[in-house]
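Please look over the sequence and the model together before reading on. The paragraphs that follow go from the local geometry of the backbone to the overall form, and then to the packing inside.

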Amino acid sequence: MKRDQRGFTLMELMIVIVIIGVLAAIGVPAYNNYVKKAKAAACDANRRSIATAVGLYYAEHSDYKKDGADLTLSDLEQYLDNADDLKCPDNKDGTKGYTIVATESDSKWTSVKIVCNAGTGHDDYYIVGAAPTEP
Ligand SMILES: [Zn+2]
């Protein structure tokens, strides 16, 4: 039997496979967590952009509603170039956008907020009412 042939033993190969498995077990969840955080941050940015547009709408119309109904993203097209394309990145089919909910009591705005419709637990962004949410 020739002994000068070089190669890896079964034990060496198994050790390498175990090391790769451990690295993957640590890396994949960490990667998924980063992706989730990035999507939440993008959603935050979307809500802030909408809030800015709502502020501009309010400056022009002195109202957080249009003809008594809550504003839609289409109503903000004048102030926000991609208003209709703004969707929460954290939903599977990418169809869930945002809702603007304004509540009035005794001619005072008690709450004006941007709500993410993706249902992934993203905070509402308050323009009036609670303190603005920080990411
Ligand atoms: Zn969202």
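Two strands are said to pair if DSSP finds at least two bridges between them. With that in mind, the hairpin of β3 and β4 can be read in this model, which is a predicted one. The two strands run antiparallel and are joined by 8 bridges, and among the residues set opposite each other are Y98, which stands across from C116 in β4, and V101, whose bridge partner in β4 is K113. The hairpin has 2 residues between its strands, and D106 takes a positive phi near 55° there. D106 is not a glycine, and most residues other than glycine have a negative phi. D106 lies in the loop between β3 (98-105) and β4 (108-116), and it counts as exposed because it has 5 C-beta neighbours inside 10 Å.

A second residue of this kind is S62, which has a positive phi of about 55° although it is not a glycine. The residue comes just after α1, in the loop between α1 (10-61) and β1 (65-66). S62 is exposed, because 7 other C-beta atoms lie within 10 Å and a residue with 12 or fewer is classed that way.

Stepping back to the whole chain, the secondary structure comes to 1 helix and 5 strands, and from the N terminus on the elements run α-β-β-β-β-β. The helix, α1, has 52 residues and reaches 76 Å from its first C-alpha to its last, close to the 76 Å expected at 1.5 Å a residue. Along its principal axes, the C-alpha trace of the protein spans about 95 × 25 × 20 Å. The radius of gyration is 25 Å, whereas a compact globule of 135 residues would have one near 14 Å. Buried residues make up 21% of the 135 residues, and among contacts between residues at least 6 apart in sequence, 44% join residues at least 24 apart.

The hairpin described above belongs to an open sheet of 3 strands, in the order β3-β4-β5, in which the pairing is antiparallel. Its edge strands are β3 and β5, each of which pairs on one side only, and the twist averages 20° from one strand to the next. On this sheet packs α1, which touches β3, β4 and β5, and whose direction makes about 15° with that of β5.

Which residues of α1 are buried? They are C43, N46, R47, I50, A53, V54 and Y57, and what covers the buried residues of α1 includes β3, β4 and β5.

In soluble globular proteins, nonpolar side chains tend to be buried together. Here the largest nonpolar core has 20 residues, and those with the most contacts inside it are I50, A53, V54, L71 and L76. At least two residues of this core are supplied by each of α1, β3, β4 and β5 (125-128), and α1 gives the most, with 5 residues. V54 offers a way to follow this packing in the model: leaving aside its neighbours within four places in sequence, V54 is in contact with Y64, L71, L76, I100 and I127.

Notes:
Residues numbered from 1 in each chain as written. Predicted model: local features only at pLDDT ≥ 70, side-chain atom pairs only at ≥ 80, totals over all residues. Helix = DSSP H or I, 4+ residues; strand = E, 2+ residues; numbered from the N terminus. Core = buried A, V, L, I, M, F, W, Y, C linked by C-beta atoms within 7 Å. Contact = placed C-beta atoms within 7 Å. Rg over C-alpha atoms; globule rule 2.2 N^0.38 Å. Expected span 1.5 Å × (residues − 1). Axes fitted to C-alpha atoms, helices over the stretch in contact; angles between N-to-C directions.
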